[in-house]
Amino acid sequence: MQHLKDYFSQFRIRFSDSGYHRMINPFDTSRHYNMVVNFSQNFTYDWKTGYSKSIAGFVADHSGMAYQDAVDFVGLLDIPTLSGVKPVFNPESSSDVVMPLTTSLFENSVLGERARNYLIERKFDLNVLDDKGWTVGVEGKWLGRIIIPFKIKGKLVYYIGRTFLGEDPKYLNPISTDVGVGKSELLYNQDALYTDTKGYLVEGVMDAETVGDNCVASLGWKLSNQQISLISNSRWKELHIIPDRGFENQALATALFFTGKMDVYIHSLPAGSKDVNDCGFENVIFNNKI
């Protein structure tokens with residue numbers, strides 16, 4: 001922790017017993033103390049500009065280092081205690097997740113080229129996905145699948161494989177003994193629950209990457225009790241749900257879990273699209289504030 005305090009000293013940080021340490025935002029020319037950093041809850045926030053990132057995200061933005069390098073620099077931070085929820089992963093222990101054999105997205109091979117073409121066609125930034133640890137499976141049932149890691153505080157806790165060769169099933173999950181946790185016990189991009197006050201919920205990982213850094217994916221529209229608890233106990237004050245076409249009723253049922261805890265919106269998709277990755281989202285069809 002001391003190396004982080006030393007790093008943030010360049011922003012004239014003012015340490016507080018509350019845990020919300022005021023500092024100058026280096027991205028704002030006003031040089032006022034509009035930004036706070038909270039090491040125990042792992043976020044930075046500027047109420048003037050709206051900037052909101054995890055500590056690793058802030059370090060990456062400020063220093064120019066790759067996101068994963070920033071995660072390594074920041075190290076392990078405590079996950080906020082969630083009432084009634086058993087943490088999926090203990091950040092003080094190393095990951096025991098057994099990954100399949102993979103290669104880089106930038107591998108100079110037919111397999112690598114087809115994976116890149118698939119992701120580029122879906123308008124993804126390969127460098128961003130590479131920084132997040134996305135790779136290509138090269139053996140067994142994972143061959144020809146993009147391996148997508150799930151991380152909490154930079155530590156691998158789960159992964160899935162998404163085919164780019166058109167094979168069924170579209171997604172593969174690991175054997176439970178290889179990861180020690182089920183997909184219903186966590187969310188993709190789970191750290192987003194603690195880095196912003198506004199968030200988005202979608203079903204698929206690709207949709208979450210399309211929407212942005214403050215979007216999580218549930219891998220199914222019937223949320224588990226643990227997933228509901230994770231969102232309910234997050235920093236989010238505003239939740240936007242974007243269902244795939246045909247799943248609007250399931251989205252409404254999901255929204256009812258959160259209407260007493262935060263402002264909830266459900267968005268519709270443009271005509272002719274099946275999910276967010278097709279062409280984004282548009283109208284609000286439900287708002288619990290109305």
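Let us start at L119: setting aside its neighbours within four places in sequence, L119 is in contact with L105, F124, L126, L129, W134, I146 and M206. This is a predicted model, and everything described here was computed from its atoms. L119 belongs to the largest nonpolar core, which has 38 residues, and L119, W134 and F150 are the ones with the most contacts inside it. Several elements feed this core: α4 (110-121), α5, β7, β8, β10 (198-202), α7 (205-211) and β11 (215-217) each supply at least two of its residues. Another core lies apart from it, with 20 residues that include L223, L230, L239 and I241.

With that centre in mind, step back to the whole chain. The secondary structure comes to 10 helices and 14 strands. Of the 290 residues in the chain, 49% are buried. If you look at contacts with a separation of 6 or more, 53% of them are between residues 24 or more positions apart.

Now follow β7, one of the strands that supply the largest core. Strand β7 spans residues 145-152, and 7 of its 8 residues are buried. Where does β7 sit in its sheet? The sheet is open, has 5 strands in the order β5-β6-β7-β8-β9, and pairs in the antiparallel sense. At its edges stand β5 (102-104) and β9 (171-172); each has a single partner strand, so one side of each is left without a neighbour in the sheet.

The two partners of β7 can be traced residue by residue. On one side, strand β6 (residues 135-137) runs antiparallel to β7 and is joined to it by 2 bridges. Here T135 has I147 as its bridge partner, and V136 has I146. That I146 is also one of the residues in contact with L119. On the other side, β7 and strand β8 (residues 155-163) pair antiparallel over 8 bridges. I147 takes part here too, with G161 as its bridge partner in β8. If you are tracing side chains along these strands, keep in mind that in a regular strand the side chains alternate between the two faces of the sheet. Between β7 and β8 the hairpin has 2 residues, and K153 takes a positive phi near 55° in this hairpin.

A second sheet gives you another place to look. This one is also open, with 4 strands in the order β1-β2-β3-β4 and antiparallel pairing. Its edges are β1 (21-23) and β4, each with a single partner strand, so one side of each is left without a neighbour in the sheet. The antiparallel pairing of strand β3 (residues 43-46) with β4 rests on 2 bridges, and Y45 stands opposite S52 in β4.

From β4, turn to helix α2. Its buried residues include I55, A56, G57, F58, V59 and A60. What covers the buried residues of α2? The covering elements include the four strands β1, β2 (35-38), β3 and β4, together with the helices α1 (2-8) and α3. After α2 comes G64, whose phi is positive, near 85°.

Several of these elements meet again around the largest pocket, which has a volume of about 760 Å³. Its lining draws at least two residues from each of β4 (52-53), α2 (55-63), α3 (67-74), α5 (126-131) and β7. There are 32 lining residues, and S54, Y67, K132, N189 and D213 lie nearest the centre of the pocket. What is the make-up of the lining? Its residues divide into 12 nonpolar, 10 polar and 10 charged.

To finish, move on to helix α8 and the later part of the chain. Helix α8 (residues 225-232) is mostly covered, with 6 of its 8 residues buried. Those buried residues are Q226, Q227, I228, L230, I231 and S232, and L230 is also among the residues of the 20-residue core. The cover over the buried residues of α8 includes β10 and β12 (238-241). Further along the chain, V276 is found in helix α10 (residues 276-279). Is V276 buried or exposed? With a relative accessible area of 2%, V276 is buried. The C-alpha atom of V276 is 7.5 Å from that of I242, although the two residues are 34 residues apart along the chain.

Methods:
Residues numbered from 1 in each chain as written. Predicted model: local features only at pLDDT ≥ 70, side-chain atom pairs only at ≥ 80, totals over all residues. Heavy atoms only, no water. Buried < 20%, exposed > 50% of the residue type's maximum accessible area, 1.4 Å probe, protein only. Pairing = 2+ DSSP bridges. 1 Å grid on protein atoms, 1.4 Å probe; cavity = no way out; pocket = protein on both sides within 12 Å on 5 of 7 lines; lining within 4 Å. Points joined across faces, edges and corners; volume = space filled by probe spheres on them. Nonpolar A, V, L, I, M, F, W, Y, C, P; charged D, E, K, R; others polar. Core = buried A, V, L, I, M, F, W, Y, C linked by side-chain atoms within 4.5 Å. Contact = heavy atoms within 4.5 Å.
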